[in-house]
Amino acid sequence: MGQAYSAGLTVTDSIILKKERILPLKGQVLVKKGDMVKAETVIAETLLPGKVIPFNLANKLGVTPSQLVNYIKIKPGQQISKDTILAENKGLFGLGIFKTEVRSPCDGEVENISAVTGQILLREPRIPVQVKAFMDGFITEVIPDEGVVIENKSAYIQGIFGIGGETIGELKFMALTPDDELSPAKIDDSCRDKIIVAGAFISYLTIDVAIKHGVKAIITGGIDDQDIKKMLGYDIGVAITGHENIGLTIVCTEGFGKITMAQKTFDLLKSLDGKKTSIHGKTQIRAGVMRPEIIIPMDFTEDELIAKEASLPILEPGTLIRIIRQPNFGKIAKVISLPEELTQVESETWVRILEAEFENGTRFRIPRANVEVIES
């Protein structure tokens with residue numbers, strides 16, 4: 001067999017990227033088709049419903065639910081502030097003596113009044129939500145009331161794993177070699193608001209120092225999963241990541257442990273030192289796979305924005321692969337051949353394999369399911 005399909009990650013110095021930026025609820029789109037936007041531009045905004053607070057008004061007033069209608073001072077949909085009088089009685093003998101007032105416990109809106117239970121539902125003020133462009137580019141489509149599609153030409157790297165949300169900053173290359181380990185002493189105030197590139201590994205102590213110096217994100221070959229647990233206070237498991245609030249974003253390009261950064265990734269990041277970069281750590285391993293992304297916009301014209309049709313990564317002689325199983329987890333190699341016949345492996349299972357070669361010329365055979373393609 002001359003080629004086969006496999007899972008893959010993209011590492012390239014030039015790609016036409018197309019990103020949807022969508023509100024969580026319908027709202028207002030603030031840009032129009034053809035606009036050139038910066039990553040920091042707010043492209044749409046909306047208001048999320050506030051928290052609902054149930055409030056037993058009849059009980060607070062000391063009347064039955066059916067009597068509540070005689071004393072209530074509000075109506076559904078009414079805007080209220082804290083201490084707005086919700087209901088009051090007329091006091092002793094209707095003379096206002098010992099009159100009881102019940103006031104709102106919060107600002108917001110009256111959602112519902114029930115004459116059956118005597119409860120009212122109050123909704124706290126709506127929460128404004130803004131969606132930013134995240135990457136420099138052209139607005140090529142506006143989805144009314146929902147968001148936009150942005151396109152640009154970028155250098156683009158997908159990581160293996162990440163934590164932390166979207167952020168934007170200047171790339172600061174700090175690793176000397178792909179197998180370098182960044183020490184805490186190298187991080188100072190010159191790293192503030194930067195996205196720094198480490199080598200093969202970043203330790204908990206170095207991450208802690210980076211947070212204290214205001215680093216926005218770290219790109220590293222590997223990280224210790226116990227350090228992640230120490231930072232988050234829980235095991236990451238198979239959950240979707242990207243929502244963690246630890247003070248910065250981390251993207252691992254190779255995996256867990258000390259793993260030399262792929263030479264291609266290292267060289268690409270080094271060539272882009274000082275460039276504006278958009279990065280996020282969102283990772284989902286299960287269905288609907290999502291990878292952390294590093295996006296470095298390039299100069300381009302609108303007529304260059306013709307994206308290639310999506311296709312499955314192909315294994316064929318010459319393809320760069322990353323090994324995703326032990327004992328060579330994380331290592332990069334080049335496919336030499338794809339034997340057609342089934343081969344029995346250590347588990348006694350018959351599988352299709354490939355022959356590949358490390359940079360040092362060592363050749364080996366491995367099941368095709370144990371590698372992923374590095375696309376470019």
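## A loop with an unusual residue

Let's start in a loop: Asp193 sits between strand β16 (167-173) and strand β17. Keep in mind as you look around that this is a predicted model. What is the phi of Asp193? It is positive, at about 65°, even though Asp193 is not a glycine. That is worth a second look, because most residues other than glycine have a negative phi. As for its surroundings, Asp193 has a relative accessible area of 42%, so it counts as partly exposed.

Another aspartate tells a similar story. Asp83 lies in the loop between β7 (79-80) and β8 (85-88). Its phi is near 85°, again a positive value in a residue other than glycine. Is Asp83 buried, exposed or partly exposed? With a relative accessibility of 45%, Asp83 is partly exposed.

## Strand β19 and its parallel partners

Now follow the chain from Asp193 into strand β17, which covers residues 194-197. Strand β17 pairs with β19 through three bridges, and the two run parallel. If you want one pair to find on screen, look for Ile196, which stands opposite Ile218 in β19.

Strand β18 is a short stretch, residues 201-202. How many bridges link β18 to β19? There are two, and the pairing is again in the parallel sense. Here Ile202 faces Ile223 in β19. And what about β19 itself, which spans residues 217-223? It is mostly covered, with seven of its seven residues buried.

## A three-stranded open sheet

Time for a sheet that runs the other way. Three strands, in the order β3-β5-β12, make up an open sheet with antiparallel pairing. Which strands stand at the edges? They are β3 (28-29) and β12 (127-132), and each has a single partner strand, so one side of each is left without a neighbour in the sheet.

Let's walk across from β3. Two bridges tie β3 to β5, which covers residues 42-48, and these strands are antiparallel. Val29 sits opposite Ala44 in β5, while Gln28 has Glu45 of β5 as its bridge partner. Carry on from β5 and you reach β12, joined to β5 by six bridges, also antiparallel. Glu45 turns up again here: its bridge partner in β12 is Gln130. So you can trace a path across the sheet from Gln28 to Glu45 and on to Gln130.

While you are looking at strands, here is a handy rule: in a regular strand the side chains alternate between the two faces of the sheet.

## Stepping back: the whole protein

Zoom out, and you will find four helices and 30 strands in the protein. Its C-alpha trace spans about 100 × 50 × 45 Å along the principal axes. How does the radius of gyration fit with that? The protein has 28 Å, whereas a compact globule of 376 residues would have a value near 21 Å.

What about the inside and the outside? Buried residues account for 45% of the 376 residues. The accessible surface of the protein is about 19400 Å², and carbon and sulfur atoms supply 51% of it. Among contacts with a separation of 6 or more, 65% are between residues 24 or more positions apart in the chain.

Finally, the charges. The protein carries 44 positive and 50 negative charges. How far apart are the mean positions of these two groups? They are 5 Å apart.

How values were computed: Residues numbered from 1 in each chain as written. Predicted model: local features only at pLDDT ≥ 70, side-chain atom pairs only at ≥ 80, totals over all residues. Heavy atoms only, no water. Rg over C-alpha atoms; globule rule 2.2 N^0.38 Å. Buried < 20%, exposed > 50% of the residue type's maximum accessible area, 1.4 Å probe, protein only. Contact = heavy atoms within 4.5 Å. Areas by Shrake-Rupley, 256 points an atom, 1.4 Å probe, with all protein chains shown as cover. Lys, Arg positive; Asp, Glu negative; His and termini not counted. Charge placed at Lys NZ, Arg CZ, Asp CG, Glu CD. Pairing = 2+ DSSP bridges.
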